[in-house]
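Here are a few exercises to work through with the model open beside you. Try each task before you read its solution.

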Amino acid sequence: MSRIQAEAAECGLACIAIVAAAHGQHIGLAELRQRFPLSLRGARLNQVIHIAHQIGLESRPVRVELDGLRQLRLPCILHWDLNHFVVLERAGAKCCVIQDPAVGERRLGWSELSRHFTGIAVELSPGAEFAPRRAAPGISLRQLIGPVRRWGQAVAQILLASLALQCFVTLAPFYLQLVVDQVLVSAERDLLVVLGMGFGLLLLLQTGVSVLRGWSVIHLSAQLGVQWISNVFAHLLRLPLDFFEKRHLGDINSRLGSVQVIQKTLTTSFVEAVIDGLMALLTLALMLVYSRTLALVTIIAAACYLAIRLVGSQQMRQRVERQLAAGARQQTHLLESLRGVQSLKIAGLEPLRAAAFRNLSVEVANQDARLARLSLLFGNAGQLVFGAERIAVIWLGAALALDNVFSVGMLIAYLSYKEQFTARVGSLIDKAVEFRMLRVHAERLADIVLAEPEHTGAAADVGPGDTRIVLNNVSFRYSDGEPWILRHCNLVIEPGESVALTGASGCGKTTLVKLMLGLLRPQEGSITLGGLDVHGPAARSVRTRIGAVMQEDQLFAGNIADNISLFDPDVDMARVEAAARKAAIHAEIAAMPMSYQSLIGDMGSALSGGQKQRVILARALYREPSLLFLDEATSHLDLAGERCVNEAVRGLSLTKVIVAHRPETIASAGRVVVLEQGSIVPEKPAAARLAAGRGA
C-alpha cells in the first residue's frame, strides 16, 4: 500500500506508515506527522528506528549486499540515493517492487536498483506492543468543501431537469415501434402525421429542458468553484508557518488544483451518475418486459465490463498518483527557476536548468501517456464486450422475430432500449471508477484542508502600554532528535525599551524573533506579550499591534502605496507618506514619475535592495505598531542610509527589538542581548556594546 509524502522530507515517516499498514496497523501519515514532527532536514536512520519503535515495530538495521535483499523480511526499508528512504515490498528473480513515497509504486530491475540502493536496510516486524488497527474512515465531502451556501437548490434543479430529459429519451423508441407496427402495416397516414407532430413537440420541450439544465450546471459549477477555492485558500493562509517551510511551492499549488478536478466531478459527473443509475434501472425493467433472455445477455456483458474495470482500478490509481507527483515536481522546478532567474543568469546555468525542466516535462508526458494508454485499453475492452453483446442480441432477437415472438417494431424498440442501457451502465461503471480515482485528489487536498490552523482567536485591541515581552525558559528545535536551536532562554523586555539581539550567524537570533512573533511554537517554556500568550487564543490580538521587518519579507505586485498599506481597502495616504518619511524612502518615491502610484514589478523587481527594505519598513510603520521587530532591516543600506533609518527608528516611542550585526545599528539600541550557542548570555555593559557588535 503506497503512501505519497506531502512534506519535502518526510519519506521516513511515509515508509513507516507503509510497513505498519502491511502488518495490519493502518496509521495515517498525518497522524505520524503530528506525533513525530520532522524538520526540512528530514530524519536520520536512528530517528526512523526510534519512531518505528514508538508505534510497536521492532527494528533490525543491517548492511547488506544486493544479492542478500531476498533473505530480508519484507517489507523492509531501504536507504536510497544517500538522501531518501523507500520500502522494498517484493524481491523477484528479475525485478523488485518498490514503494517510493515520492512517486508511488515502482518496478525496478536489479541493475537499476543497485544504482540507488546504498547497502543499508532496516527490517521492521511487529513487537509486543504492536496493535493492529483499521484504516481511518474516508474523508467526507463536507470536510473537503467546507461551508458552501445555496447550492442544494441548484443541484435539485439539475436533477429534476435531467430526469425530465431522460423521460423524453425513454419515449423515443415508442415512436419507432408505433410507426413500424401501426403506420406501415395499416398505411395510416393520418396517424403518421399525429405521431410526427406529437413527438416533434416533445423534441422542442426536450431541447428547452436541456438548455435549462445546462444553464443550471454552469451556474452551480461557478458558484461551487468560487466558494470552495476561496474556503481552501483562506484555510491555507491560516496554517502555521512551518507548514509552508516543509513543502515545495509547486506541490502546494498542485494540491490546490485538485479543487477544480473534484468540483467538476461533483457538478457534472455526480449528477450524470445519478441519472445513469436511474435510467439503467428503468431501461432494464423495460427490457425485461420485452424479453428476459435477451436482457440476461446484456446483464452478463455489463458484469464482465464491471469486472475488467475493478481489476484495473488499483493500477489506474497508481498511474494517477504518479501523474500528479510528476506534475508537482515540474511546477516546483518552474516556480523556483522563475523566482531565481537572476542567480541562474549570473552563473550561466540557464541551459542546464532548461535541460532539467525538459526532463521533468518528459516525465510528465510519459505519465500522461501511460494513463492515456490504460484508459484506451479500458475503452477498447468496453467496445469489445458490448460489441460482442450487440451481435448476440441482434442474432437472438432476429430469431425471436422469425418465430413470431417479436414483431419488427418490438425488436427495433428493444434494441433502442438495449443501446440506452449499455450506454448508461458503461457510463455508470466509468463514473464509479472515476469517483474511486477522486480519492487520490481528495487525499492530496486533505493535506491542506485537514491541517490544523493557527489558533489566533478573535482580533482585539492591545493598548500601547501592554508591550512587556517575557520569555520564560524557552527552548526550541525543529524536530525531535535534532540539536536545540535555543535552550532555556529567559528574557524580559520592558515597554518602550530598545533591545539589540546580537550573536554569531546561525546562533538563533531570527528563530528567537519568529518565536516572539508567534510564527513558531517553542517545545518548552512560554512567551507572553502584555500578559497574553503569543501562541494562545489571543494571538491575533497580539499581532494587531506588532510591526515587523524580517529577512524573508517580500513585496507584492502592485504600486508602492499598495505595498506600504499592504493593500488596505481604506488606505490613508497621509499615513502612507508619514511611514515612508520615517523609513527614509519618501524622497526617492516622490522623485519617481508616478510617485506612490509607481509599479514595483514582481516581488519588487523594479526597486533596489535598499529601497525594498525601506518600503517594507514603511509597511511595518504604517500599522502604527506598539512593538517593532527589525531583523537585519538595514543590511542593504549604505552607512548614510543606515544612519538615517536608525535615527528615525530611535525617535519612535515604542518597544523595539532589533537583530543586527553592524556596530552603528547596535549602538542605536538601549540594551544589547547576546546569543551564544542557543543561550542568552549575561548582558554586557554599555561600554562593551560596540565590541560585542564587532565580535558578532
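**Getting oriented**

The accessible surface of the protein comes to about 34000 Å², and 60% of it belongs to carbon and sulfur atoms (Shrake-Rupley method, 1.4 Å probe; for residues, only the protein chains shown count as cover). This is a predicted model, in which local features need pLDDT of at least 70 and side-chain atom pairs count only at pLDDT 80 or more, while totals for chains, interfaces and linings use all residues. Residues are numbered from 1 along each chain as its sequence is written, and side-chain values use heavy atoms, with hydrogens and water left out.

**Exercise 1. Describe the overall make-up of the protein.**

Step 1: Start with secondary structure: the protein has 22 helices and 16 strands (DSSP runs, H or I of at least four residues for helices and E of at least two for strands, numbered from the N terminus).

Step 2: Turn to burial: 46% of the 696 residues count as buried (under 20% relative accessible area; exposed is over 50%, partly exposed in between, with a 1.4 Å probe and protein chains only).

Step 3: Now look at contacts (heavy atoms within 4.5 Å). Among those between residues at least 6 apart in sequence, 74% join residues at least 24 apart.

**Exercise 2. Find the salt bridges that helix α13 makes with α10 and α12, and explain what each pair ties together.**

Step 1: Apply the rule, a side-chain nitrogen of Lys or Arg within 4 Å of a carboxyl oxygen of Asp or Glu. The count comes to 25 salt bridges.

Step 2: Take Arg309 and Asp430, whose closest N and O atoms are 2.6 Å apart. Arg309 lies in helix α10 and Asp430 in helix α13 (residues 408-449), so this pair ties together parts that are 121 residues apart in sequence. Arg309 is buried at 7% relative accessible area, whereas Asp430 is partly exposed at 30%.

Step 3: Take Arg390 and Glu419, which meet at 2.8 Å, N to O. Since Arg390 lies in helix α12 (residues 350-402) and Glu419 in helix α13, the pair ties together parts that are 29 residues apart in sequence. Arg390 is partly exposed, at 33% relative accessibility, and Glu419 is partly exposed, at 31%.

**Exercise 3. Place Arg255 in its surroundings.**

Step 1: Locate Arg255 in helix α9 (residues 249-290). At 3% relative accessibility, Arg255 counts as buried.

Step 2: List its contacts, leaving aside neighbours within four places in sequence: Gln5, Ala6, Glu443, Arg444, Leu445, Asp447 and Ile448.

Step 3: Add the charges: Arg255 belongs to a network of salt bridges with Glu10, Arg33, Arg247, Asp251, Arg444 and Asp447.

**Exercise 4. Which strands stand at the edges of the open six-stranded sheet?**

Step 1: Write down the order, β12-β13-β14-β9-β15-β16, with mixed pairing (two strands pair if DSSP finds at least two bridges between them).

Step 2: Read off the ends: β12 (546-549) and β16 (679-680) each have a single partner strand, so one side of each is left without a neighbour in the sheet.

Step 3: Check the β16 end. Strand β15 (residues 671-676) pairs with β16 in the antiparallel sense over two bridges, and Ser679 in β16 is the bridge partner of Glu676.
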